[in-house]
Amino acid sequence: MVGNKAHAARALAALSMLAFIPAAPAENRMPANENGYEAWLRYRPITTIDTTTDTTTDTTINRPTNQDISKALSSIHVAGAGPRHTAALDELHRGLSAMLGASPSIDDDTRELSGGLYLGTRTDFEGALPSEIAAMLDDIGPEGYVVASVPNEAGTPAIVVTADDDTGLLYGAFRLLRELQLGADFAALNIVDSPALPLRMINHWDNLDRSTERVYGGFSIFDWPNLPESQPRYRDYSRLMASVGINGIVVNNVNTYKEGRLEGWRIITDEYLDKAAVLAGEFDRYGIKTYFSVNFMSPILFGDLDTADPAERSVQNWWRDRARHIKERIPSFGGFLVKADSEGEAGPHAYGRTHSEGANMLAEALAPVGGVVIWRAFVYRHPEESRGNADRAVQAYEHFAPLDGRFADNAILQIKHGPIDFQVNEPVSSLFSGMPNTNLMLELQITQEYTGNDIHLNFLAPFWRRVLSFDTHRDGPGSPLRDMLQARNGSSTAWGVAGVGNFHDGLNWTGHLLAQSNAYAYGMLAWNPRQSPETIAGDWSELTFGRNPDVAGKIADMLLRSYEIYSKYYFPYGLSLMGWAGGAAPDGNGDRSRPDPYRNIGRYHQTDAIGTGYDRTIATGSGYVGQYPEPLRETYESPQTCPPEMLLWFHYLPYDFEMPSGKTLIQSIYDDHYEGVDMVKALRRDWLSLEGRIDEERYYHVLGKLNLQLSEAILWRDVINGFYLDMSGVPDAAGRVQALDRPYRGLRYGHGPR
Ligand code: GCU
C-alpha cells in the first residue's frame, strides 16, 4: 500500500482553487462563444459516448454509456507524490470534472485496483500493479507511459495511468484526457507509448522588451519587465506544451545582440535569472527544462574579461562558473542555444577558432551540470565577401561538414530543415546526410515567417512529416531523417527537434486561431514522427471544435489542403525569397536606389529575360547538388528527375521548358497562381458552410482571416505573375495576367507585430 495523506490533502486544497469551467451548451443551441484560450485542452462534457446502433452493420453494439464512464472515473487514487504528480492530478481533476459534470473524489488508496482511476509510477505502486501492466512498462524508455483499463469483478474497470518516471506519468494523464475527449472507449484502453525523439523543444524568438522576431499577432508570453511576478498564463502555457510532449523551452531569441535594440545576452545575468527562475519553476512542474540563448561574447559583455577566446583558461572558467551558478538558481536548467558567427552574432571566428572549438568549450562548461550546448548551423557568408561560392545554400555544409566528428558528446548541431532559410519547398539540408558522427537536431519553424504569418491558413504537418521521412541516404538507402535525430545506443545525450514557437500573449495564443494546429502538430510529430497528418488534423479539429464529424471533418480537410494551396500562389516550384514579411517583392527590397546586399534583386531566384530558377547543379551551377550522396545527387541534378515542387530551387530553366503536365514553365507559373486563388475561395466557402455550427466568436475570427488570406493571395498572384510577364515578355495564354508598374511589391493587407 502506498500512502501519503498529507499529499492528498494538499492536492485537494489546490484543486478547490481551480477555476470553474462552465458547462457546454446543449447540442441544438448555437454554441457558446469561445476565445480560443483553452486551445486543445477544452474538456467539454462528453455527450457522444452512448449505447448506440452501429449504422454500418445495423447491430446494436454494447458501448459504454455516459453513466458507466462517470462511475468508472468518479474517483482518483493517487500513489506517490511530487510536483508532477500534482500537475497530473490537477489536470485529471480539471478535465474529468468538466467532461463528466461531477468532480471525482481523490484519495491515496491504491492497495487494490477496484473501480476508479489509479495514478502513480511503477515505484509508487509498490507491487500493486497487475503483472501485465508492469510488463507493459518494461518495454518503454524514459517519459513513456501506460494507460490501460483493467477489468475487475465489480464490472467497472479500473483505469491505470502509470510510468517509470513522473514526466511519463504526466504525459499519461494528458493522454487519457485526450482519448476521452476523442471519444475512446474507456473500458478498452490499452495504450503503451513513449517519445521517439528525446529532446522536443520550442525555441522562442522573444526579446527581453517583449517584442518578438517573426512571431505574428502578439508580443512575448514572457512579461520580463514584470517578472519575477508570475501570471496564470505561464502555467497554462506549460500545460499546453506538456500536453503535446514538449520537454525543453528556450526562452529568448537566438539573436542576443543587435545594435541599439536587443540585449538578449542579459538573460544569464543575475537580474534575469531571477525572473527566468519563475518561468523555469512552472515549466519544471510540467517536465520542461529551461534553456537560454547566449552570446558568445558574454565574458566581455558582462563579465570582467577582455576576451572571449575559447582557448583561454579564464574564458573556460568563466563559463563553467556561470553554468554552475545558473544551475544553482534554476535546477531544471538544460543548457545553451548559440547562434554564432551568423548575421551579426559574434562567435569563435573572432579568435580564429572553429565552430567546434567554440561549441566544445561551452559543452565542457555545461557537462558538470548535465547540460547540453545546442549550436546552430545557420551560418552563411555576407554576399559581398568575394571568396568562396556565392550560393548561400552551399555555405553551411562548407562550414560544418569538415568538422564532423569533432563536436563533444554533449554538443548538438541544430540544422534548419532547408539550406536557405525556412522557405516553402526547400529540399532537406545536405548537412543531415553529411555529418554521421555529430549529434544532430532538426530546426523547424512553427511560426509562419515564410508560410503565411498569422494571415494564411497553412497546416504544416504534411510538410514536416515529409521532411522527417526524407531518406538522407546517410547510412545507405533507408536512412530517414527522423532516425538521425534519435540518441544513439548507449548515449545519454538528448537530441531531437526544435521548433521556433508561434505562441504569444494574444488571447488565442497564435493570432490566427487555426494556427494553433501547427503547435499541436509539431508536438505530435516530435513525439512520433510517423504519425499521419490526417490523424493529427482530425484529432486537433475535434479537440478544438468538438466531435461533430461534419464540423471537425470539414475543418481537418481544410487544414490538410492548406499547404498545397499556399505553395501554389506563393513561391512557385521552390523559388526562394520572392518576398518576406512585408509581402511579395520579387525584385528584392523593391527600392532599386538602395540595394540591400542581403536581399538584392533576384539574388535568390535568378530571374531574367530567358528563364528563372537557381542553378545548383554540379555540371553548370553552384554545385550544391554535389553535397548529397547518391542517388539524391542524380535525382536532383536533372530537371527531368527533380521533384517538381523543387524544380526551380535546383535548376535555372527557360520559360518554354516543358513541365510534366505538358505546359510551359511560364504558363504553369501563371496558372498555378490562379488555381491557388481559386483554392482559397473554396477554403472560404467551406468555412462559410459552417456558419451556425461553430460559436460566432471563433467563426467570425476565422472568416476574417480567410478574407484577408484571399485578398493577399490575389495580391501575390498579381505581383508574381506581373513580374514574370515583365521579365519574360511571354503573355498568359488565357490573357489574364496584367503588367504591373515597378517596383513589384504587394503590401500587406493586415498583420500584427513581428
Ligand atoms: C531568418 C529570420 C531571422 C532569424 C534567422 C535565424 O533569417 O528572418 O529573423 O534571426 O532566420 O534563424 O537566426
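I will talk about one sheet in this structure, and after that about the ligand and the residues around it.

Please keep in mind that what we are looking at is a predicted model.

Let me start with the sheet, which is open and has six strands in the order 4-3-5-7-6-8, with pairing that is mixed. At its edges are strand 4, residues 105-107, and strand 8, residues 190-193, each of which pairs on one side only. If we ignore direction, neighbouring strands in this sheet are turned against each other by 15 degrees on average. Strand 3, which covers residues 75-78, pairs with strand 4 in the parallel sense over three bridges, and within these two strands Ser 75 stands opposite Ser 105. Helix 5, residues 131-138, packs on the sheet, where it touches strand 6 (145-150), strand 7 (158-163) and strand 8, and the direction of the helix makes about 160 degrees with that of strand 6.

Now to the ligand. Which residues are around it? They are Trp 205, Glu 213, Arg 214, Val 254, Asn 255, Lys 339, Glu 343, Arg 376, Phe 378, Lys 416, Asp 421 and Glu 449. Sorted by kind, the shell consists of eight charged residues, three nonpolar and one polar.

Three of the side chains deserve a closer look. Lys 339 places a polar side-chain atom 2.6 Å from an oxygen atom of the ligand, and for Lys 416 the distance from a polar side-chain atom to a ligand oxygen is likewise 2.6 Å. In the case of Glu 449, a polar side-chain atom lies 2.5 Å from an oxygen atom of the ligand. Of the 320 Å² of accessible area that the ligand has on its own, the protein covers 96%.

Key. Residues are numbered from 1 along each chain as its sequence is written. This is a predicted model: local features need pLDDT of at least 70, side-chain atom pairs count only at pLDDT 80 or more; totals for chains, interfaces and linings use all residues. Side-chain values use heavy atoms; hydrogens and water are left out. Two strands pair if DSSP finds at least two bridges between them. Helices (H or I, at least four residues) and strands (E, at least two) are DSSP runs, numbered from the N terminus. Axes are lines fitted to C-alpha atoms, for helices over the stretch in contact, and angles run from 0 to 180 degrees between N-to-C directions. Contact means heavy atoms within 4.5 Å. A residue is near a molecule or strand if one of its heavy atoms lies within 4 Å of it. A polar contact is a pair of N or O atoms within 3.5 Å; within protein, one must be able to donate a hydrogen and the other to accept it, and residues adjacent in sequence count only if both atoms are side-chain atoms. Accessible areas come from the Shrake-Rupley method with a 1.4 Å probe; for residues, only the protein chains shown count as cover. Ala, Val, Leu, Ile, Met, Phe, Trp, Tyr, Cys and Pro count as nonpolar, Asp, Glu, Lys and Arg as charged, and the others, Gly among them, as polar.
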